[in-house]
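User: Could you take a close look at one part of this model for me, and then walk me through what surrounds the rest of the story? I work at the bench, so plain language is welcome.

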Amino acid sequence: MSPLHLAAALLIVAMWGLNFTVIRFGLDEFTPFAFATWRFLLGALPALFIPKPAVSWSVLAGIGGLMFGGQFIFLFFAMQAGLPPGLTSVLVQLQGPLTVVLAALLLREHATRGQWLGLAIAVAGVVLIAQSISGDTPLLALGLALMSAFTWALGNLVFRSARGVSMFAVTVWASVLPPIPLGLASLVLDGPMALAAPILAPTLRGWFVLFYTVVPVMWLGYLIWGTLLRTYPAAKVGPVSLLVPCAALAISGYLTGEPLEGMRMVGVAVVLGGVALGVYASARRLR
């Protein structure tokens, strides 16, 4: 990569890594459904100025419902249930090997031995993490994080239909639909006051969280990521995402005091090793 693009890639790592801790703070301000509703409602605002990409509404609905709505609702509930930000960032990276498996099962695509081995190693890491979780972090939170990775992986399969168009435009327009069911769920389960909290009971931290998760993370992040993918082979850009959980772990440890020691640290290393092996095997297959 050129120095400029390398700096842009590292900026993405820092922004997306910090995002998990910011989400943790946001869940002190909003309920998960209200948080997700406002995140995607604000994220869809550029659709007022950007033409709809040459992608069907069904594909946009699939991306919005799975990769966006499903992924983040499960992620928000996992963190609300007690899963710390850094560990959450590691577990959702399972979306990579899960995408390979789902493509093999649902689309009859052939997965290499390296890809299957990477998944097996990553799953072993999840087992180690589960054994390290104490009473203050319920296994339900672990399961919700895995569901976040699973819906993200399903969304990846749908996203393939949007190749060749602007990733930023797809991101914006795929954010148009999720606020409707998410807002209705928040209205029924949380009540109108909770849904309208950013307006009726605004706080500086709450609006900072919404701003950060939309402007740097969603708009700028996907704009840069799409530029890198159009400029370089996916095999060269993809591994950059593996640095995100490393940054998230470091940032969460510093800002929230998240502990990483003993069996949990071993499990994290095994999961990231399995994901890295899957990425490497996928990269070799693309050559």
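Analyst: I180 sits in helix α9, which covers residues 179–189. Please keep in mind that this is a predicted model. I180 has a relative accessibility of 53%, so this residue counts as exposed, the cut-off for that class being over 50%. I180 also belongs to a nonpolar patch on the surface, together with L184, L187, V188 and L189. The patch comes to about 530 Å².

Now for the charged side chains. The whole structure holds three salt bridges, and D28 is a good place to start. D28 is partly exposed, at 46% relative accessible area. One of its partners is R24, with the closest N and O atoms 3.1 Å apart. D28 also meets R205 in a salt bridge, this time at 3.9 Å from N to O. Because D28 lies in the loop between α1 (3–26) and α2 while R205 lies in helix α12 (residues 204–231), this pair ties together parts that are 177 residues apart in sequence.

R205 is itself partly exposed, with a relative accessible area of 39%. R205 forms a salt bridge with E29 as well, where the closest N and O atoms are 3.0 Å apart. E29 is in the loop between α1 and α2 and R205 is in helix α12, so here the linked parts are 176 residues apart in sequence. E29, at 25% relative accessibility, counts as partly exposed. Through shared partners, the salt bridges join R24, D28, E29 and R205 into one network.

From that loop we can move on to helix packing. Two packed helices are described by the angle between their axes and by the distance between those axes. Helix α2 (residues 32–43) packs with helix α3 (residues 57–80) at an angle of about 140 degrees, and their axes are 9 Å apart. That angle makes α2 oblique to α3, since roughly antiparallel would take an angle over 145 degrees. The crossing of α2 past α3 is right-handed.

Helix α3 also contains M79. With a relative accessible area of 0%, M79 is buried, whereas I180 in helix α9 is exposed at 53%. M79 is 66 residues from A145 in sequence, while the two are 8.2 Å apart in space, from C-alpha to C-alpha.

Key. Residues numbered from 1 in each chain as written. Predicted model: local features only at pLDDT ≥ 70, side-chain atom pairs only at ≥ 80, totals over all residues. Heavy atoms only, no water. Patch = residues over 30% accessible without salt bridge, like charges linked within 9 Å, V, L, I, M, F, W, Y side chains within 5 Å. Areas by Shrake-Rupley, 256 points an atom, 1.4 Å probe, with all protein chains shown as cover. Salt bridge = Lys/Arg side-chain N within 4 Å of Asp/Glu carboxyl O. Helix = DSSP H or I, 4+ residues; strand = E, 2+ residues; numbered from the N terminus. Buried < 20%, exposed > 50% of the residue type's maximum accessible area, 1.4 Å probe, protein only. Axes fitted to C-alpha atoms, helices over the stretch in contact; angles between N-to-C directions. Parallel < 35°, antiparallel > 145°, perpendicular 65-115°, else oblique. Left-handed = near helix turned anticlockwise from the far one by under 90°.
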